Amino acid sequence: MECKFSSICGGCCFRELSLIDYQQTKVNQVRNVLKQLKSDSFNFEEPVFISDGCRRRASFAFARRKGKIIMGFNATQSNEIVDIDLCPMLTSKINKNIDFIKRILEQITRVDVCMKDKKKKNKIYRIEKGDVWITEADNGLDVVLEFDLEPNLEIRQIIFEMMVTQDDIIRISHRKNVNQRPETIMEKIKPYLRIADREVYIPAGTFLQPSKAGEQVLIALVNKYLGNVSGNIADLFCGVGTFSYALAQRPESQVTAVDSSAELLSGFQESLNKQMISNIKIENRNLFKYPLSGKELHGYNAILFDPPRAGAKEQVSAIATLSNGYKPPVVVSVSCNPHSFVRDANILIDGGYEIKSVTMVDQFVYSAHSELTALFVLKI
C-alpha cells in the first residue's frame, strides 16, 4: 500500500519496494544473520508475512506549534515529527481516531497548569510536547497520554467530556514518562484481548504483539513446535500471558509463567482468578538478573521464552549448563531480534541442543525488523 509520508517518515524503510522485492529482502536479511549459527542442518520454514494495516499498537510523538498540534512519527534519523493523518501500517480503527486524539491534545494544551518551580514558587505551565500510546484491544482503543505535567481538573474534565462523544476509545490514561505506571483518567469499560478463547484484561500501556494476526501465527507455531508435549512447561518473559493461556489448554499441563513486570502480572493474575484457571502459576522475577537455574529448572518437559530485543543470554546459559539428565528435552524460542536470537541459539547448541526449525514471521511490516520462532531439541 502506498503512503504519502514514506519518503520522510522513519517507520517504513522498505515501503518503496515492490511486494516481491520487499519480502525477498526481509528473507535475505534473516538468512544472512542465521549464517552465524553453529548449525546449518535446521529447516528454514516458509516465512509468514503479516498484511499491511494490521498493526494494533503505536507510539506517536506530539508537539504544540503556533497553537496547533502536530502528531506523528519521527522523520528518518531525526527528532522532527512528521505530522500524519493516516498510516497504512495501522488498523482502520486507530487511523479513524487519529484526528480525534489530535483534537483532544489541541484542547488540553491550551490549559494553564499551575505548578511550583524549583524555587517553590507558583508558575504557570502548558503542555508543549509528549507522546501518545495507542493500543487496539478487542473491545476498543486504549490510549495513554504521556507528558511531564500533572493533569489538573480542567484537563481531566476536557478528556471526560470529549470521550463521552466517542465510542471507539474506551480508556484514556496519563503518565509523566515511560517508566511511570499510567493513571486512568477515564475508563468506560476495561480493555481486553481474546487469547486462546479467554478474555484477557490488559493494564494501560501494556506491551503486546504488534498485530492480532501475528499473535495468532506465533501461538500456532509454538503449539506446532511443542507437538504433544504436556506436563510442566515454563513460559518465560510471559508478559500478559499470550502463550500461557494456550499452553494451559494442553492435557495435564502445569504452566509456570515468569516476568519482571509486577503490573502485567497483576492483571494476568486477575484474569486467571476471574476465569478460574488453576494450572497457571505466576512468578514475578527479573530473568536478566535472576534466571531460573539449577534445581529450579528440573522437571520441566519444555521451556518457552519470548524476551525483549536484548535476548535471554542469562537464562539460556542457565539452561545450557544444567547437568545431563536435568535439561528440558524441548526449548522453543520466540525472538524479535535475529542477532540476539543467534547468540542465544549458539549457547543452547553448545549446551547439547539441536536446532530443528526456524520460522520467520514478518510482523513489523516494511521495517527492517523480523520475528523468529525456533525449535530446539536435546540431543540424545
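# A tour from T135 outward

Select T135 to begin. Leaving aside neighbours within four places in sequence, T135 is in contact with R56, R57, G140, L141, D142, I202, T206 and L208. Keep in mind that this is a predicted model. T135 sits in strand β8. Is T135 buried or exposed? Its relative accessible area is 8%. T135 therefore counts as buried, since the cut-off is under 20%.

**Next: the second largest pocket**

Keep I202 selected; it is one of the contacts of T135. I202 is also among the residues nearest the centre of the second largest pocket. The others named there are R181, K190, P203 and E270. In total, 13 residues line this pocket. Its volume is about 220 Å³. Now colour helix α6, residues 262-274. Helix α6 gives the most to the lining, with four residues.

**Next: the largest nonpolar core**

Select F60, M71, L105, I108, V132, L145 and I159. These residues have the most contacts inside the largest nonpolar core, which has 46 residues. Which elements each supply at least two residues of this core? On the strand side, show β3 (57-65), β4 (68-74), β8 (129-137), β9 (140-146), β10 (169-175) and β11 (183-187). Then add the helices α2 (92-108) and α3 (153-164). Helix α2 gives the most to this core, with seven residues.

Zoom in on I108. Not counting residues up to four places away in sequence, I108 touches I127, L145, F147, I155, I158 and I159.

A second core is separate from this one and has 38 residues. To find it, pick V222, C238, V255 and V361, which are among its members.

**Next: helix α1**

Select residues 19-34, which form helix α1. How far apart are its end C-alpha atoms? They are 23 Å apart. At 1.5 Å a residue, the 16 residues should span 22 Å, so the two values agree.

Within α1, show the side chains of Y22, K26, V27, V30, V33 and L34, which are buried. Look down the helix axis: these buried residues fall within an arc of 130°, so they line one face of α1. What do they pack against? Their partners are β1 (43-44), β2 (48-49), α8 (338-350), β19 (353-362) and β20 (371-378).

**Last stop: the cavities**

There are two cavities of 30 Å³ or more. The largest has a volume of about 80 Å³. Its lining has 13 residues. Select C3, C9, C12, F73 and C87 to centre the view, as these lie nearest the middle of the largest cavity.

How values were computed: Residues are numbered from 1 along each chain as its sequence is written. This is a predicted model: local features need pLDDT of at least 70, side-chain atom pairs count only at pLDDT 80 or more; totals for chains, interfaces and linings use all residues. Side-chain values use heavy atoms; hydrogens and water are left out. The expected span of a helix is 1.5 Å times one less than its number of residues. Buried means under 20% relative accessible area, exposed over 50%, partly exposed in between (1.4 Å probe, protein chains only). The arc is that of the directions from the helix axis to the C-beta atoms. Contact means heavy atoms within 4.5 Å. A nonpolar core is a set of buried Ala, Val, Leu, Ile, Met, Phe, Trp, Tyr and Cys residues joined through side-chain atoms within 4.5 Å. On a 1 Å grid over the protein atoms alone, a cavity is a set of points where a 1.4 Å probe fits but cannot get out, and a pocket is an open set with protein on both sides within 12 Å along at least five of seven lines; lining residues have an atom within 4 Å of a point. Grid points are joined across faces, edges and corners, and a volume is the space filled by probe spheres set on the points.
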